[in-house]
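Please look over the sequence and the structure shown here, and then read the short report that follows.

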Amino acid sequence: PALEELKTSKGVKSGGVFGFLRMLQSEIKKCAGYFPIVCWDKGLAERRTTLYPDYKANRKRLVADGLIATGVQVEHDDYLEEYHRQRSDLIQILKSLGVPSLIIPGWEGDDLQYLLSKVTDDGIVLSDDKDMIQLVSSEIKVRRPMRDEMITWDGSDPYYHHPHYTIVKSMCGDGADNIPQVASGLGWKGADKIATILEGLVDCTQNNYDLWKSSLEDYADTNKGAIVTKIKKLLVGWDQFLINYQLTNLRLVQPPEGFEPMIKDLITGVVGKANLL
């Protein structure tokens with residue numbers, strides 16, 4: 001049967017739990033030697049909703065989970081209630097299997113994955129969320145299970161190297177997170193070319209946004225062609241671009257006070273030891 005139709009002997013739906021555990025077991029075998037920690041959403045990041053109140057405003061949130069933020073319409077339907085129940089069951093099952101779950105009120109799972117990547121010198125981020133691509137580095141690989149793909153720093157296209165992907169996405173927006181496109185007609189292909197041009201003009205690992213803008217203005221003034229038209233569209237929507245960049249760039253996330261001791265305590269409490277930086 002389909003996963004959504006699976007039930008326990010008592011008639012309780014269990015497809016989500018089964019599907020997650022099956023995937024996790026498969027990936028642990030493929031990533032032998034690495035220890036899993038599962039990161040969960042527990043609300044929206046305040047820094048993002050303050051910056052852009054409509055952030056993820058198109059997503060359903062659970063009242064019971066405290067998933068409430070300014071500008072977010074809260075809905076509590078049967079689907080979400082079932083998701084919440086299975087997630088709670090799954091967290092307990094993972095704990096019994098010796099797999100810690102990291103969940104902090106007011107924090108999103110993406111941000112927690114980034115923070116974890118900063119306290120290890122050899123890690124794999126396991127996610128099909130393309131936003132995780134920006135975490136690829138000499139220390140961190142990104143594994144995308146549905147594509148059966150392992151993205152590494154040395155073996156990947158420069159497209160995956162930070163901050164190229166983040167700059168491109170900030171131009172194009174993200175409908176899933178209700179992040180708007182900067183300008184009509186500025187798609188991934190054009191945004192990719194603009195990011196390449198920008199990175200050829202300045203060191204974009206330094207977030208000097210005024211220099212980014214002035215460099216693109218100079219380029220537009222001294223060049224011609226279709227890409228210059230797209231650059232001018234970007235410059236008109238520059239304020240939105242900067243908002244999008246700050247929403248998207250995980251490297252701007254600051255850890256909560258006492259994060260590293262908290263992580264070590266979490267892992268130690270489940271598996272007895274923690275080997276972090």
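Over which residues does pLDDT stay under 50? In this predicted model, that stretch is residues 60-76, for which the model nevertheless has 42 contacts beyond four places in sequence. For the chain as a whole, the mean pLDDT is 85, and 88% of the residues reach 70 or more. Among the elements of the chain, the highest mean pLDDT, 98, belongs to helix 7 (residues 209-222), while the lowest, 76, belongs to helix 10 (residues 259-271).

Two loop residues can now be looked at in turn. Cys31 is found in the loop that runs between helix 1 (15-30) and strand 1 (38-39), and Cys31 counts as buried because its relative accessibility is 11%, which is under the 20% cut-off. Once neighbours within four places in sequence are left aside, Cys31 is in contact with Ile124 and Met150. Cys31 and Ile124 are 93 residues apart in sequence, yet their C-alpha atoms are 8.2 Å apart in space.

Asp174 sits in the loop between helix 5 (164-172) and helix 6 (188-201), and Asp174 is likewise buried, since its relative accessible area is 17%. Beyond its neighbours within four places in sequence, Asp174 is in contact with Lys169 and Ile179. The table lists two distances that involve polar atoms of the Asp174 side chain.

| Partner of the Asp174 side chain | Distance |
|---|---|
| Lys169, side chain | 2.7 Å |
| Ala176, backbone nitrogen | 3.0 Å |

Lys169 thus appears both among the contacts of Asp174 and as its partner in a side-chain polar contact.

Key: Residues numbered from 1 in each chain as written. Predicted model: local features only at pLDDT ≥ 70, side-chain atom pairs only at ≥ 80, totals over all residues. Heavy atoms only, no water. pLDDT = per-residue confidence, 0-100. Helix = DSSP H or I, 4+ residues; strand = E, 2+ residues; numbered from the N terminus. Contact = heavy atoms within 4.5 Å. Buried < 20%, exposed > 50% of the residue type's maximum accessible area, 1.4 Å probe, protein only. Polar contact = N/O pair within 3.5 Å; in protein donor to acceptor, adjacent residues only side chain to side chain.
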